Amino acid sequence: MPRTLLLEHVNVPGIETFDTYRKHGGYASVEKALKSMTPDGVMEEVKKSGLRGRGGAGFPAGLKWSFLDRKSERPRYLVCNADESEPGTFKDRYLMEKIPHLLIEGMITSSYALGAKTSYIYIRGEYMYIVRILEKAIEEAYAAGFLGQNILGTGYSLDLYVHPGAGAYICGEETALLESLEGKRGNPRLKPPFPAVAGLYAAPTVVNNVETITAVVPIINFGGDEYAQIGVGKSTGTKLISASGHINKPGVYEIELGLPVEEFIYSDKYCGGIWKGRKLKAVVAGGSSVPILPAHLILKNAKGEPRLMTYESLGEGGFVSGTMLGSGGFIVMDETACIVRNLWTFARFYHHESCGQCSPCREGTGWMEKVLHRIEHGHGNSDDIDLLVDVAKKIEGNTICPLGDAAAWPVASAIRHFREEFEYHVKYPEKVMDPKHFEKEPFRSETFESVNV
Amino acid sequence: MQFSDKTLALVQKIIKRYPEGKQKSALLPVLHLAQAEFDGWLSPDVMDYVAGLLMIKPIEVYEVATFYSMYNLKPVGKCLIEVCQTGPCWLRGSDDIVAHLESKLNIKVGETTSDGMFTLKTVECLGSCGTAPMLQCGSKYHENLTTDKVDALLQQLTNKNERTTYMQ
């Protein structure tokens, strides 16, 4: 079994066309599933594979599928979440743009398993140029008999549509996404009922991330057991990592789960080390909402063991000294990065993106942005740091959807690990009024140190 | 006020993607079409027209149009320049790109040039962190930006002198 499952053919010229994709083994999972497997059989393979939701939550995909209400007389829906908006994450865009048929194939095989007759790909509006790429691929799949009535003569029929959003991070939350798909504001719904029981148009619905759905293709081709051979423990298979920030080679990399973090950052196969010969200061490993870690804690956990790219290893130490794999949005900062300014951009992001439904998030994100703005711009006072911690605590756990937590965690973790740098901002306002202050003179600390490997 | 025949046919096609009676689902895609066809923004008249087309109440259109960041509720320049400013882009120099655009166009973020050609806007993460800094103009992403690349783009847009839309 090849160890690059999703991106194996990504650089083949013409792979975005049906003919080339098919020539390289494309749509084999549809043939196998529809002709020789029952829908339950497909689900069993996904369960066996140990595949976990690749959008960020990491919930077992097969288990999520099994919650779908099959007794309901209403139609069932599969909705693909292509609303990729978590800062630092751009893997789904890469997949859809480069190898659109992989997603179409995954949608057909997964829809068959779930008994969906109509499926939607909800894609963020800013990716409008990819809507055209996907629609062209869908058109080709219809023409080749892989979509529409009586697919491959098996009696199974499926219609697949692309639905663009219009700019709202919150629509990546699955119930907000469904509201948006129904033509409404993206306000998350109270759960229960869960989408598996009452989702799109109050019918049983599964919402899966792009990468999760594409992973179903190799799982069916090679079998769930084979897929589960890759990885470590409960982190099975491969994962797309979006690498950005102060590295030599930003981009999307498909890794086997279990790769050491140090190898990912420094190997020429992946990030290629820190740019400009500088030292590593901090990493946000799983998209902007996961806790930031200083260099020494991202390379090794608090026990001194090497940190691996797995859900468990990155989580080791909880929120005291660990973080999360999240969406795989891997943002790297060198020794000149200002933690406060970076955090302020995140706080501004969450304030902008809060849907406004829950007061703690609507008001709290605004306060965090304001307070961080004044600290970063030399107007902070010594109480502001504790005020931030207090506001973050009051948001966390007190909102309908996880956006509140997502806004609170970066603030809490940045202060936990880089408190001295916040204090420095308050103490030396004249220095920090220059936004490039640390570029000239990197911040030195007694509690953390930038690392040169 | 009315869509062209071609767009009207497209609207009917979009409505058919959703179950009968669920035509409200077509609202977001149809608003994109409306913005592209009616001068790059959604005036109250345009929103009322879309409400009529989809047989929903005007308020249902207003509440959606005011929620999503890609819908413009005021007129914008022919070319709307949207620069990403979130963390990963900031780490790679988006502040410098914004400052360069402000000085080159002689406007501040949120303003339109006096000739009505450019509107400058900062936006939150567009999913282009690995090719930062970046900006979006119409449906096109301009990535790995340098000030030289920005200058060349402005020149190209000026020469073309056409409205950019997400639907291109």
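1. A good place to start in this predicted model is a pair of helices in chain A. H15(A) and H18(A) run roughly antiparallel to each other, because their packing angle of about 155° is over the 145 degrees that this description requires. H15(A) spans residues 339–353 and H18(A) spans residues 403–427, and their axes lie 9 Å apart. The handedness of this crossing is left-handed.

2. Here is who meets whom in that pair. H15(A) brings A:Ile339, A:Val340, A:Leu343, A:Phe346, A:Tyr350 and A:Glu353 to the contact, while the residues from H18(A) include A:Leu403, A:Ala414, A:Phe418, A:Phe422 and A:His425. Sorted by class, the contact between H15(A) and H18(A) holds 13 nonpolar residues, one polar residue and two charged residues.

3. Keep an eye on A:Phe422, since you will meet this residue again in the core. The largest nonpolar core has 168 residues, and A:Ile104 and A:Phe422 are the members that touch the most others. H18(A) supplies the largest share of this core, with eleven residues. As background, nonpolar side chains in soluble globular proteins tend to be buried together.

4. What does A:Phe422 touch, not counting residues up to four places away in sequence? Its partners are A:Ile339, A:Val340, A:Leu343, A:Leu372, A:Ile375, A:Ile385, A:Ala414 and A:Ile415. Of these, A:Ile339, A:Val340 and A:Leu343 are among the residues through which H15(A) contacts H18(A). Apart from the largest core lies another core, of 29 residues, and among them are A:Leu280, A:Leu297, A:Leu314 and A:Leu325.

5. A:Ile104 leads to a second helix pair. H6(A), residues 100–114, and H7(A), residues 128–143, pack at about 55° with axes 9 Å apart, and they are therefore oblique to each other. Their crossing is right-handed. On the H6(A) side the contact is made by A:Pro100, A:His101, A:Leu103 and A:Ile104, and on the H7(A) side by A:Ile133, A:Leu134, A:Ala137, A:Ile138, A:Glu140 and A:Ala141. These residues divide into eight nonpolar, one polar and one charged.

6. A third pair to look at is H5(A), residues 91–98, with H9(A), residues 210–222: their axes come within 9 Å and cross at roughly 50°. That angle makes H5(A) oblique to H9(A). A:Lys91, A:Asp92, A:Leu95 and A:Met96 of H5(A) meet A:Val210, A:Glu211 and A:Thr214 of H9(A). By class, this contact has three nonpolar residues, one polar residue and three charged residues.

7. Now for a loop residue: is A:Glu173 buried or exposed? A:Glu173 sits in the loop between strand S3 (159–164) and helix H8 (174–181) of chain A. With a relative accessible area of 12%, A:Glu173 is buried, because buried means under 20%. Leaving aside neighbours within four places in sequence, A:Glu173 contacts A:Pro188, A:Lys191, A:Cys401 and A:Pro402. The C-alpha atoms of A:Glu173 and A:Thr89 are separated by 15 Å, and these two residues are 84 residues apart along the chain.

8. Finally, a stop in chain B. B:Thr164 lies in the segment after helix H7 (147–160) of chain B. B:Thr164 counts as buried, at 18% relative accessibility. Which residues is B:Thr164 in contact with, leaving aside its neighbours within four places in sequence? They are B:Lys78, B:Cys79, B:Leu80, B:Cys137, B:Gly138 and B:Leu157.

Conventions. Residues numbered from 1 in each chain as written. Chains lettered and ligands numbered in written order. Predicted model: local features only at pLDDT ≥ 70, side-chain atom pairs only at ≥ 80, totals over all residues. Heavy atoms only, no water. Axes fitted to C-alpha atoms, helices over the stretch in contact; angles between N-to-C directions. Helix = DSSP H or I, 4+ residues; strand = E, 2+ residues; numbered from the N terminus. Parallel < 35°, antiparallel > 145°, perpendicular 65-115°, else oblique. Left-handed = near helix turned anticlockwise from the far one by under 90°. Contact = heavy atoms within 4.5 Å. Nonpolar A, V, L, I, M, F, W, Y, C, P; charged D, E, K, R; others polar. Core = buried A, V, L, I, M, F, W, Y, C linked by side-chain atoms within 4.5 Å. Buried < 20%, exposed > 50% of the residue type's maximum accessible area, 1.4 Å probe, protein only.
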